[in-house]
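Here is a quick tour of a structure, going strand by strand and then on to the packing and the loops. Keep the viewer open as you read.

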Amino acid sequence: MKTNDRVIFSCSRHWVKYVSSGLAGITLVFSPVRGSRPSIHLSSTLVTPRLHLTETEETTAWRNLLVIRQPVGSRSEIFTSLEYGSENPYWQNSFRVHQAYWRQRVGKSQLKLGRLTQWNALRNLRIDGGEIVIRTEKAGSLKLLAGVKAVTDFSDTTFMDYPEWSLSWAKGGWGRSLELSAWSEYLGTARRTFTGITYQWKVFGWRYGQAVSFDLTEKQIHHFRARFSRTIGVRQWAFGFRQKRYVSGEIYPWIKESLRIAPTVFADVRRQRNGMQVWNQITYRIQSEFSLVWTGTLERDGLSVSVLAGKRDKSTLTGATLGYQKTIGNSLTAEMTAAYHTFNYGAIAGPSPSSSLRGQIRWSAGPGFQVIFFGQWAQNPIYSVDGRGGVTIHVAL
Amino acid sequence: MWRYRFLPLLMISFLPAQEADRIPFPHDFHVQEAEIECVICHSNASESQSVFTQSLLPTMETCGDCHDIDDDCGLCHTNMDEPLPLAESRPQYTQDFSHQNHLEKNMECSTCHAYILEDDGSTPGKLWQPVDCQNCHQQKKPEFHTLDWKQNHGLGMNLASQDRCEVCHTSDFCDQCHQYQPFEPKVHAGDYIQRHGFEARTGVTDCGTCHDVEATCYTCHRQRLIMPLDHSIPNWANRIPGEGGRHGEAALDSPEICQVCHRLDRDATCLDCHEE
C-alpha cells in the first residue's frame, strides 16, 4: 500500500515491533524474580485541540511513553523506549520504538544489539543492528556499528531502508579528544563512503573543536565545522565556521556549479556575573544575498529576555521573547513565555506579525510523580489562531 | 495462542533454587566499633580507574590477617557446601567509576558510601545510590559544561568523550530533546513556525542536526502545498531563455531547501523549462 512516496506498514520491519515489545514484556515479567530492580518511567500526555498548520479539523491527541532500564546480572541490561499514541503528520503510525537494545559489558568494552542510536558530531544514526565497542586504557577505543536505518514509527519509506555501517577509533575525553571514523551511507542516489575526524584541543587558553568529513567516493570535503572559544574573566568569547556540501545526485542536472549549503560564520560573547547571563551572537551567511542575524539574550533569576533581528536580502525579521519561571515551595513550578515577531518581506508582503503565549505549571508530588498542566496560544499568518492545552502525568518507579 | 508461550517462561522463573553463597560483611562493626580504616581492606582503591576491570574487594588472605580462615568457614560464607570466591561476590556495577580520580580530589570514602555505617551484613547493603553522584555532579556541573554548552555540545560528541555522559544522563537523554517531539515543545515553542524558514535560510540553526530535512519539510511544503513566500517575488521564475529569474540564485544559495519540493523523481515542474 503506497501513499505518495511512502510505503506504509512495511511487513519487513514488523519483527522489530515484536522483538521490542517482547523485550519490554520480558523485562517486566522477570524483573521481580531476578531481583534486579528495573527503572521504569511512564509519561502520558493528552492535549486538545490538536491543530496542525492548515488542518481545520480539531482533534484530541495523546501519547504514552514507556522507558524501561532493566539490569540483568552485573554486566547486562535491557533498555527500551517505546511510545504509543495518536497519529500525526510527524508520526504516521501509533506505535513507535525509539530505542530497544540489549547491552552486554565485558570489562570496559560492550556489545549492543537491537535498535540503537548514535549521537555524534559527524553523523547521527538510529539503526536496527549491532554495535561493539572495545575500550583500552592506552590504545583508545574502537567501535563498529552496523545495521539498517531504523524507522521509528514503522512507516517504512522507500529511501530509508538501506544498510548502514561505521567504524571509529577514538582517544581522549571531554575537552581533549580525537576520533577517526569511516562510514557508508546513501546520499542523493548512490551509496557513498566517508571518512571523518573530530578533534578537541586547548591551545593558548583557546578551546578548539572541529569536525570534518571527507567524501571518499567523490574525493572532496563533505562537511566542515570549527569553533574557537575562550573564557576571559567573566566573558566567554567564541567564533566559528560551518559548511556542508549538498549532495543532490542527478536532481538538477542543468546546474553546472557545485551545489553547497552556504557557509556560515558566527561569533558570540557570553557574560556571566552575579547570577546574570548575557549572550550576544551574530551569524553571517556567505551567499549571494546579504544575510545577517543578531540575537541577544539576558537571563537572571528565572527571567529571560531574548531579542532577534535579522536581514536576508529584502526580508527582515525582528522579534522578542520574554520568559519567566518561578518555583513555589518544593513542589510547584510555574513558567510563562510570551513572544512577538514581525516578518517583513519587502514589497511582496507587508509586515506580518506573529505572537504567542505559553504557560506551564508543574507539580511534583514526591520524586517519582509529576503532573504538568500546559497551554499555548499562537497567532500568525500560517494558522491564524492556534490554541491548545493539555496535561502530562509522569511516573517514575 | 501467544499468551501460552509465556507460560513455561513464567513457571521456570518461579522455581525454587538453592541459595548461592554470599559473604555478608558487617561494615558497621568493622568501621565503627573495630575502627578499621577503609584502605586496610580496600587497599587498591586509590589506584583504581575502573570498577569493571579492577575488583576493590579484599582477598581472603586479607581477612585472614584478623580471622581464622582455615577452620571457621561459616563465619563468612552462607553456603559452605559451595563457597564462592570473594571476587564473585562483587556488586552489580552498571556504570564505570574511577575511585582514583575522586580520591585524588581529597574526597572521603563516606561522601559516597555513607550507607555502610548502617550495613550490618544481614541483607545485601547499598554501597551507593545515584543520588550520591548527583549531589556533586548536578549541583556543580562538569568543567566542560561551559556557558555555551546547550548550543554547542554536539561538536564534542564522539566515541572518546560520550561514555562520560552516562555518569549523569540516561540513555534516552538525547532523545528527550532530539526525538520525542513532545506536545509541549521545549526547542521550537510558540510562534516558531513563523520564523523557521528565515532561520533555515540564514543559518541561525542547523536544521539537519535533528531533522531529516527533506522528509520533515516535505510534510507541509509539498503535501500541503505551502509555498515559501519568496516564490511570489516578481521575476522569481520566467520563461525567457538565459533569464530564468531569481530562483536560480536561490538554488545556488540554499539548494537543500529547493529539494524539499522540487525533485525530478516526483515532480516535473522544473522540466517545463529546463528539459531543453
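## The run of hairpins in chain A

A:Asn280 has A:Gly296 as its bridge partner in β18(A). Keep in mind that this is a predicted model. That pair belongs to the antiparallel pairing of β17(A) with strand β18 (residues 291-300) of chain A, which spans nine bridges. The two strands make a hairpin, and five residues sit between β17(A) and β18(A).

Step back along the chain and β17 (residues 276-285) has another antiparallel partner: 10 bridges tie it to strand β16 (residues 260-273) of chain A. Here A:Arg271 is matched with A:Val278 in β17(A). The hairpin of β16(A) and β17(A) has two residues between the strands, and A:Asn274 in this hairpin has a positive phi near 50 degrees.

## Further back: β14 and β15

What does β16(A) pair with through 10 bridges, running antiparallel? The partner is β15(A). In this pairing, A:Trp237 faces A:Val269 of β16(A).

β15 (residues 235-245) is also paired with strand β14 (residues 220-232) of chain A, again antiparallel and over 10 bridges. A:Phe228 sits opposite A:Phe239 of β15(A). Two residues separate the strands of the β14(A) and β15(A) hairpin, and A:Gly233 in the turn shows a positive phi of about 65 degrees.

## Loop residues with positive phi

Most residues other than glycine have a negative phi. Two loop residues of chain A are worth a look on that score. A:Lys219 has a positive phi near 55 degrees and isn't a glycine. You'll find A:Lys219 in the loop between β13 (206-215) and β14 of chain A. Is A:Lys219 buried or exposed? A:Lys219 counts as exposed because it has 7 C-beta neighbours inside 10 Å, and the cut-off for exposed is 12 or fewer.

A:Asp301 is another non-glycine residue with a positive phi, near 50 degrees. A:Asp301 belongs to the loop between β18 and β19 (303-312) of chain A. With 10 other C-beta atoms within 10 Å, A:Asp301 is exposed too.

## Nonpolar cores

The largest nonpolar core has 13 residues, and A:Tyr101 and A:Ile127 touch the most other members. At least two residues of this core come from each of β5 (76-85), β6 (95-106) and β8 of chain A. Setting aside neighbours within four places in sequence, A:Tyr101 has contacts that include A:Phe79, A:Leu113 and A:Leu116, as well as A:Lys112 and A:Arg115.

There's another core, apart from that one, with six residues. Its members include A:Tyr252 as well as B:Ala200, B:Ile257 and B:Cys258.

## A helix in chain B, and one more loop

B:Ala200 also turns up among the buried residues of helix α10 (residues 192-202) of chain B. Others buried in that helix include B:Phe198, and charged or polar company such as B:Gln194, B:Arg195 and B:Glu199 is buried there as well. Just after α10(B) comes B:Gly203, with a positive phi of about 80 degrees.

Back in chain A, A:Thr136 is located in the loop between β8 (125-135) and β9 (141-149). Why does A:Thr136 count as exposed? It has 12 C-beta neighbours inside 10 Å, and 12 or fewer is the cut-off for exposed. A:Thr136 and A:Gly107 are 29 residues apart in sequence, and their C-alpha atoms are 9.5 Å apart in space.

Technical notes
Residues numbered from 1 in each chain as written. Chains lettered and ligands numbered in written order. Predicted model: local features only at pLDDT ≥ 70, side-chain atom pairs only at ≥ 80, totals over all residues. Helix = DSSP H or I, 4+ residues; strand = E, 2+ residues; numbered from the N terminus. Buried ≥ 20, exposed ≤ 12 C-beta atoms within 10 Å, placed from the backbone. Core = buried A, V, L, I, M, F, W, Y, C linked by C-beta atoms within 7 Å. Contact = placed C-beta atoms within 7 Å. Pairing = 2+ DSSP bridges.
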